[in-house]
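Here is a walk through one protein and its ligand. Keep the viewer open and follow along.

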Amino acid sequence: MKRYSFLELAKNAFSAHQNWGRQWRSPEPKAEYDVVIVGAGGHGLATAYYLAKQHGIRNVAVIEKGWLGGGNTGRNTTIVRSNYLWEESAALYNHAIGLWQGLSQDLNYNVMYSSRGVMMLAHTVHDVQVAQRHIHANRLAGVQNEWLTPEQAREYCPPLNISKNIRYPVMGAALQRVGGTARHDAVAWGYARGADDLGVDIIQNCAVTGIKRGQDGAVEGVETSKGFIKAKKIGVVAAGHTSTVMDMAGVRMPLESYPLQALVSEPVKPAFPCVVMSNTIHAYISQSDKGELVIGAGTDQFISYSQTGGIHITNHTIDAICELFPHFRRMRMLRNWGGIVDVTPDRSPILSKTPVPGLYVNCGWGTGGFKATPGSGHVFAHTIAKDEPHRINAPFTIDRFRTGRLIDEAAAAAVAH
Ligand SMILES: Cc1cc2nc3c(=O)[nH]c(=O)nc-3n(C[C@H](O)[C@H](O)[C@H](O)COP(=O)(O)OP(=O)(O)OC[C@H]3O[C@@H](n4cnc5c(N)ncnc54)[C@H](O)[C@@H]3O)c2cc1C
């Protein structure tokens with residue numbers, strides 16, 4: 001892989017950074033691949049990277065209808081944490097945290113992983129009980145999580161308003177110090193560069209329009225806007241559009257797609273040291289390296305494929321943020337946007353083989369899949385390469401909605417950012 005070095009940085013600085021080489025190729029699709037991945041978001045690109053790097057499967061194409069990282073990967077608020085309730089989830093997200101810690105070195109690309117701590121606020125007695133249950137369960141599973149009193153929470157995040165006579169009083173918080181943020185674009189670009197370097201073809205502006213199956217029911221390839229591409233195996237990693245893509249192979253998915261919104265403020269000097277989330281009011285906030293406050297809201301209450309979302313949702317979030325952080329009342333918001341998130345009934349992802357031989361699916365990350373990107377790609381690559389799940393994703397089947405062996409993070413937290 002092309003390595004970056006101080007010498008190269010200095011050399012390019014003298015030519016106004018005009019002579020950096022291309023980070024990845026833009027090849028025309030070949031007639032046939034061992035594996036085709038549908039969707040060049042972080043999860044699809046990571047899958048391709050680990051297929052090539054860990055399993056030596058390099059005849060791989062990642063097919064993307066838009067530009068790589070232009071889906072939810074480039075639209076999220078970049079929160080990384082692993083303090084989910086159930087052991088299956090904690091194992092999956094903790095696997096990702098392990099990979100985040102060495103990812104910049106592995107990819108030789110700065111993904112700006114910053115473990116500044118994620119603090120989840122409790123506003124009611126119910127919230128306190130839920131948070132403490134999570135902390136106990138996490139500690140039993142070896143996942144770091146600790147309880148803070150309101151005063152300790154303010155010490156960790158000085159702008160936090162802990163007065164008692166507000167609509168959402170802070171009754172305490174769960175803090176995961178190893179949690180934090182990473183730069184979303186850099187994650188997509190780093191994996192794209194790494195995968196391309198190992199021989200993976202990343203084909204942008206090419207929509208998958210059909211999945212062809214043979215007489216025996218197994219996949220034969222994909223129809224695309226650039227023609228038919230033969231494939232021995234197909235991995236669908238299309239987030240909010242998973243149900244429409246899987247429908248092309250005749251597989252009905254237990255998914256609903258909702259708009260989820262985020263917004264950023266004008267940039268200011270460093271004022272916010274960590275990530276703060278409130279599941280009760282569906283608000284989460286951090287400060288980017290550019291200085292913008294990055295704020296996430298809740299999902300709309302109706303299913304939709306429009307990447308916008310209702311204004312009342314963001315207004316509600318901003319109201320609550322202004323009450324919790326009165327400092328920010330006079331700040332201006334610069335832009336807002338939405339993404340389409342794919343939500344399962346138990347709010348846990350599906351990382352699985354399917355009833356169709358040669359077809360695999362990675363979806364259902366809903367409002368919280370960015371944090372899992374390296375871990376998800378790693379275990380999904382294993383599933384495709386070996387035609388059987390890695391022990392970490394073995395519980396995350398489609399079948400669980402038939403057998404009833406749910407991983408019910410929905411009941412545990414109501415949201416899963
Ligand atoms: C506003 C918002 C805030 C969020 N905040 C967080 C957060 O703080 N922390 C967190 O962990 N997660 C968060 N998430 C969720 C997270 O962004 C996603 O779970 C994650 O990025 C999903 O990655 P992906 O690679 O699966 O999907 P995507 O990045 O969406 O990639 C899927 C790709 O498939 C492509 N595609 C779809 N259909 C086709 C087709 N027919 N042919 C070819 N290509 C196709 C799409 O164009 C897209 O690029 C948030 C999401 C949103 C929208």
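Begin with a side chain. The side chain of N108 comes within 2.7 Å of the backbone nitrogen of Y4, or, put exactly, reaches that nitrogen at 2.7 Å. Note before going further that this is a predicted model. N108 sits in a loop, the one joining α3 (87-107) to β4 (118-122). Is N108 buried or exposed? Its relative accessibility is 14%, so N108 counts as buried. The cut-off for that label is under 20% relative accessible area.

Now step back to the whole protein. Two domains are assigned. Domain 1 is pieced together from 6-12, 26-78, 184-254 and 346-403, while domain 2 is made of 115-180 and 256-343. Their centres, taken over C-alpha atoms, are 30 Å apart. The domains also make contact. Domain 1 puts 17 residues into that contact, and domain 2 puts in 18 residues.

Next comes the ligand. How many residues surround the ligand? The count is 36, and the closest are E64, N72, T73, T77 and K371. Both domains take part: domain 1 and domain 2 each give at least three residues to the shell. Look at the classes in that shell. There are 17 polar residues, 15 nonpolar residues and four charged residues.

Which elements supply the shell? Helix α2 (42-55) and strands β12 (256-265) and β16 (333-343) each provide at least two residues. The most comes from β12, which provides three residues.

Zoom in on the ligand's oxygen atoms. At T77, an N or O atom of the side chain is 2.7 Å from a ligand oxygen. At T78, the partner is a backbone N or O atom, 3.4 Å from an oxygen atom of the ligand. At I79, a polar backbone atom lies 3.0 Å from a ligand oxygen. How much of the ligand does the protein cover? On its own, the ligand has 1000 Å² of accessible area, and the protein covers 96% of that.

Turn to G39. This glycine is in the loop between β1 (32-38) and α2. G39 has 9% relative accessibility, so it counts as buried. Leaving out residues up to four places away in sequence, G39 touches G44, V62, I63, E64 and V237. E64 is also listed among the residues closest to the ligand. A further pairing spans the chain. G39 and I203 are 164 residues apart along the chain, yet their C-alpha atoms are separated by 9.7 Å.

Move on to helix α9 (residues 373-386), where T383 is placed. Is T383 buried or exposed? Its relative accessible area is 1%, so T383 is buried. What does T383 touch, not counting residues up to four places away in sequence? The contacts are K353, Y360, E388, P389, H390 and N393.

Finish with S288. This serine is in the loop that runs between β14 (283-287) and β15 (293-299). Its relative accessible area is 22%, so S288 is partly exposed. Buried would require under 20%. Across space, S288 pairs with V268: the C-alpha atoms are 9.7 Å apart, and the two residues are 20 apart in sequence.

Note on methods
Residues numbered from 1 in each chain as written. Predicted model: local features only at pLDDT ≥ 70, side-chain atom pairs only at ≥ 80, totals over all residues. Heavy atoms only, no water. Near = heavy atom within 4 Å. Polar contact = N/O pair within 3.5 Å; in protein donor to acceptor, adjacent residues only side chain to side chain. Areas by Shrake-Rupley, 256 points an atom, 1.4 Å probe, with all protein chains shown as cover. Helix = DSSP H or I, 4+ residues; strand = E, 2+ residues; numbered from the N terminus. Nonpolar A, V, L, I, M, F, W, Y, C, P; charged D, E, K, R; others polar. Domains from an automatic or database assignment. Buried < 20%, exposed > 50% of the residue type's maximum accessible area, 1.4 Å probe, protein only. Contact = heavy atoms within 4.5 Å.
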